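Here is a quick walk through a two-part model, written for someone who would rather look at the picture than read tables. Have the structure open as you go.

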Amino acid sequence: MSIKKIHDQQPETFEFSKENLDAAEIILKKYPRDRKKSAVMAFLYLAQRQNQNWIPLAAMKYIAKYLDMPYIKVYEVATFYTMYNLAPVGKYFVQVCTTTPCLIRGADKVVEICKKKISEEENTLSENKLCSWLEVECLGACVNAPMIQINDDYYEDLDEKSTSEIIDSLLQDKPLKPKSFRNRINTAPEKNKIETTTNKNA
Amino acid sequence: MPKIIINGKEIEFEKGMTVLQACELADVEIPRFCYHEKLSIAGNCRMCLVEMERSPKPIASCAMPAAEGMNIKTNTEFVKKARKGVMEFLLANHPLDCPVCDQGGECDLQDQSLFYGFDKSRFSENKRAVEDKYMGPLIKTQMTRCIHCTRCIRFAEEVAGVPEIGAIGRGENMQITTYLEQSMTSELSANVIDLCPVGALTSKPYAFEARPWELKKTESIDVMDAIGSNIRVDTYGWEVKRILPRLNNEINEEWISDKTRYACDGLLKQRLDVPYVKKNGKLEKSDWDEAVGIISQKIKSLSPSEIGGHVGDMASMETIYAFKILLEKIGSKNYDFREKKFYINPQDKVNYLFNSSINGIEESDLIILIGCNPRHEGTILNARIRKSFVKNKTKIYSIGNPGDLTYDYTLLGDDLNEIKNIFEDKSKITQEIKNSKKPIFIVGESALELKNGSYIFEEMKNYLIKNKFISEDWNALNVLIQNASTVGALDLGLYNIDKDNNFPFFDKLEKNHFKLLYLVGSDNLHIKKNNEFIIYQGSHGDKNAAIADVILPSAAYTEQDGLFTNIEGRVQECRKASYPPNEAKEDWQIFNLISKNLYNTNLFSDLHSIRNIIFKNIPNFSEIDHLPIKKIKNEIIKLNAIGDEKIAVKPIDYYFSNSIARASKTMSDCRNVLLDIKKNGTNN
């Protein structure tokens, strides 16, 4: 679960940036004019992107006004979906998959490293406020287990060493590039690469 | 009509009904929590599961539209097992605190668990605990008990029109909360207490007061406004413990306003229970003999024309009639019922009624408000207008700004010219009016109070007659009366109107012409006391009791039988639920006492003899609880506008509008919250 508790320090105001305003107008065009509140989820996502990965109350009020809907309805949506963060998660938001395939392949060790390096508790910012971590359910990359998601990117085929390196790089604000850390190409097999075109059964 | 088979019985149903409604037609009771007739369908509690032929799973009957040839079974093991399963889940997280829960005895969950509950729980984990929310001075919350039926959310959004309650989070972590934990800014907010099927939302002022089976229940009528909402008064001994709504689809449906519901604690406070007489400039306790003696001496010493009488906002028709007879016996015709100088034309009964009827609002296709604020002047009426607005997208216009009415309306302006333009077919909505089939024109007391009040009313009537909007099928002429006693007083003729002067009583009052003024519960009448001898007869020591020379304690509306005519002209009976405190008497008995002292005869032998005469005196009276007979006279009075005037909707101190409400602690709490919200602002 993501952070559903409202952060106690809220910014006073929120407004979409120039780019997001343009993006918002494009999103609005997808819906009939009298159904414009359908855009609420996309708007919340925009707000989250703009505000360092979390949505302040001011943004909900702003969106409610923008879409002519009651504030409580925006609040309901924001609290319902787990991928909206309602409190700061840092510049680098680490989501560790701990569902069965990842766990079999050692996700618990990844969690241990996160605990050691970022913060003892989930959903807590690291000391330098750059990073926080969270256990999540399956992120759909079971072939490359174990894996973590940092902001939008998947870091796959991890072990203790590579995880440590990644987290260290985050904490120094110099993140490594996302990739398979056993140097696989996408989900291709590591050894005995068989070209699919040569496979008779393909 | 299509047919459906329910438990082997074939039933005809109307198209568009749900399976649950069809089952009700077949007299089969379906348990439910989230479904409510007056709200939209949510289908989330799953308690109403029934078996449908050819469906492998049970279906939620409240959300399933009934269709031709469906075969529904509600009494099979399959259904029972399904409902038991649902109930087990509901109870998994529901605390077992019925002994300390105020809903106990009238709780849907309690009742239904009797049939579908298990005797012990298989849920060995910890129960979920939820923080209680603050929802204002009326609603007490115990959110751990909530079963997430979302009735309160739907009510706030659909009926009250203040979308301030919502469900946040999801699954086990779902919680019901209000906007930033503030009280609801609605005059209908306390209806969520009735809607809540469990004890999550209970009544704060009534908390731990009584159990439902201990209370005596009396079906009665509300007098806080002129709508005549049907209520049930629950009493414990003398005390009125609470007031609940009674279903009447023609008036209040299932709702009552917060004032109706919670002003009742004012019935316990500030009561006048013994007669008072002013001695050496101070009111002192006295007894009936002395008080009545002083009054009759005073009356004998004055000429009848120097005696004036006024009845207040909550007087029953019996009181009004008996008072009129008493004054006429004394020889005075100086009586009135108005608290403010608003224009009336009582020549024709349609001139002071809400002729379109409250149900008619839903049929209407255009509503024009003239100088009225239905939200405060008739809260239940406003809920109907909102219903019409939501259901039929009825266009609503207002002349004079009433503020937030919980629905969208177009403000045409607040100038007299706006009305003139309509009458002269020059307005921008003229075409819209002409095209509409069933328009409603609602004129409020604020408009009738203007110098041009008579012009607005008479010309409006002429305009409607000209456009054929006043007929026996549809009457678009509506007056929004504010006080419960007003229509009754008009019906019984307790007014004094000259042909060219609508306010002779007020003229005399302002010139301090009266030597003796007899006030029957009139607290909102502004009196500049000079030398008058003032008799105050009423239930509460309020504004005008303070300036009285003799105080006669009488019964409040819950303590005596009485008839009240609501704004539609519907005569309804308010029944005695309690009895007058201490030495206080019913109003007609007091008039009898005075008559006995003055003339040695009683005015009336009993209340029923007054009632029988009243029935004969009410114009166009049909039957009790029914609308009056429709008679259209269409007399035309031509008037010209005097100068230019702004139509301002006079604000009402909603929670403090009468003496009972002013004595009520709950009402003053509500008022303070409202003032606080106004000061700090809610809308960002």
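What share of the contacts in chain A with a separation of 6 or more comes from residues 24 or more positions apart? The figure is 64%. Keep in mind while reading that this is a predicted model.

## Chain A at a glance

Chain A comes with 7 helices and 4 strands. Reading from the N terminus, the order is α-α-α-α-β-α-α-β-β-β-α. Its C-alpha atoms fit a box of roughly 60 × 45 × 30 Å along the principal axes, and 30% of its 202 residues count as buried.

The chain is split into domain 1 (3-80) and domain 2 (92-171). Between the C-alpha centres of these two domains of chain A there are 28 Å.

## A cis proline in chain A

Here's a spot to zoom in on: the peptide bond running from A:Ala145 to A:Pro146 is cis, and its omega is near -15°. You'll find A:Pro146 in the loop that links strand E2 (131-136) to strand E3 (148-150) of chain A. As background, most peptide bonds are trans.

## Chain B at a glance

Over in chain B there are 20 helices and 26 strands. The radius of gyration of chain B is 27 Å, close to the 26 Å that the globule rule gives for 684 residues, so chain B is as compact as a globular protein of that length. The box for its C-alpha atoms is roughly 85 × 60 × 55 Å along the principal axes.

Of those 684 residues, 50% count as buried. If you take the contacts in chain B between residues at least 6 apart in sequence, 69% of them join residues at least 24 apart.

## Where the chains touch

On the chain A side, 10 residues are in contact with 11 residues of chain B. Which element gives the most to the side of chain A that touches chain B? That's helix H4 (residues 71-80) of chain A, with 7 residues. By class, the chain A side breaks down into 5 nonpolar, 1 polar and 4 charged residues.

## A covered helix in chain B

Now look at helix H4 (residues 151-160) of chain B, which is mostly covered, with 9 of its 10 residues buried. Among the buried ones are B:Cys152, B:Ile153, B:Phe155 and B:Val159, and the list also takes in charged side chains, including B:Arg151, B:Arg154 and B:Glu157. What do the buried residues of H4(B) pack against? Their partners in chain B are strand E7 (165-168), strand E8 (175-178), helix H5 (191-195), strand E9 (201-203) and helix H10 (379-392). Right after H4(B) comes B:Gly161, with a positive phi near 75°.

Just ahead of this helix, B:Met143 sits in the loop between strand E6 (139-141) and H4 of chain B. B:Met143 counts as partly exposed because it has 17 C-beta neighbours inside 10 Å, under the 20 that a buried residue needs and over the limit of 12 for an exposed one. Leaving out neighbours within four places in sequence, B:Met143 is in contact with B:Val130, B:Glu131, B:Asp132, B:Lys133, B:Gln175, B:Ile176 and B:Ala200. For one of these, B:Glu131, the C-alpha atom is separated by 6.4 Å from that of B:Met143, with their positions 12 residues apart along the chain.

## Two helices that cross

Helix H8 (residues 317-330) and helix H18 (residues 607-617), both of chain B, pack at an angle of about 85°, and their axes are 10 Å apart. That makes H8(B) roughly perpendicular to H18(B). From H8(B), the residues involved are B:Met317, B:Glu318, B:Tyr321 and B:Ala322; they meet B:Leu607, B:Ile610, B:Arg611, B:Ile613 and B:Ile614 in H18(B). Sorted by class, this contact has 7 nonpolar, no polar and 2 charged residues.

## Two positive phi values

Most residues other than glycine have a negative phi. B:Thr406 is not a glycine, yet its phi is positive, at about 75°. This residue lies in the loop between strand E18 (395-399) and strand E19 (410-413) of chain B.

B:Asn600 also has a positive phi, near 65°, and its place is in the loop between helix H17 (587-599) and H18 of chain B. Buried or exposed: how do B:Thr406 and B:Asn600 come out? B:Thr406 is buried, since 20 other C-beta atoms lie within 10 Å, whereas B:Asn600 is exposed, with 7 within 10 Å.

Note on methods. Residues are numbered from 1 along each chain as its sequence is written. Chains are lettered from A and ligands numbered from 1 in the order in which they are written. This is a predicted model: local features need pLDDT of at least 70, side-chain atom pairs count only at pLDDT 80 or more; totals for chains, interfaces and linings use all residues. Axes are lines fitted to C-alpha atoms, for helices over the stretch in contact, and angles run from 0 to 180 degrees between N-to-C directions. Angles under 35 degrees count as roughly parallel, over 145 as roughly antiparallel, 65 to 115 as roughly perpendicular and the rest as oblique. Two residues are in contact if their C-beta atoms, placed from the backbone, lie within 7 Å. Domain bounds come from an automatic or database domain assignment. The radius of gyration is taken over C-alpha atoms; the globule rule is 2.2 Å times the number of residues to the power 0.38.
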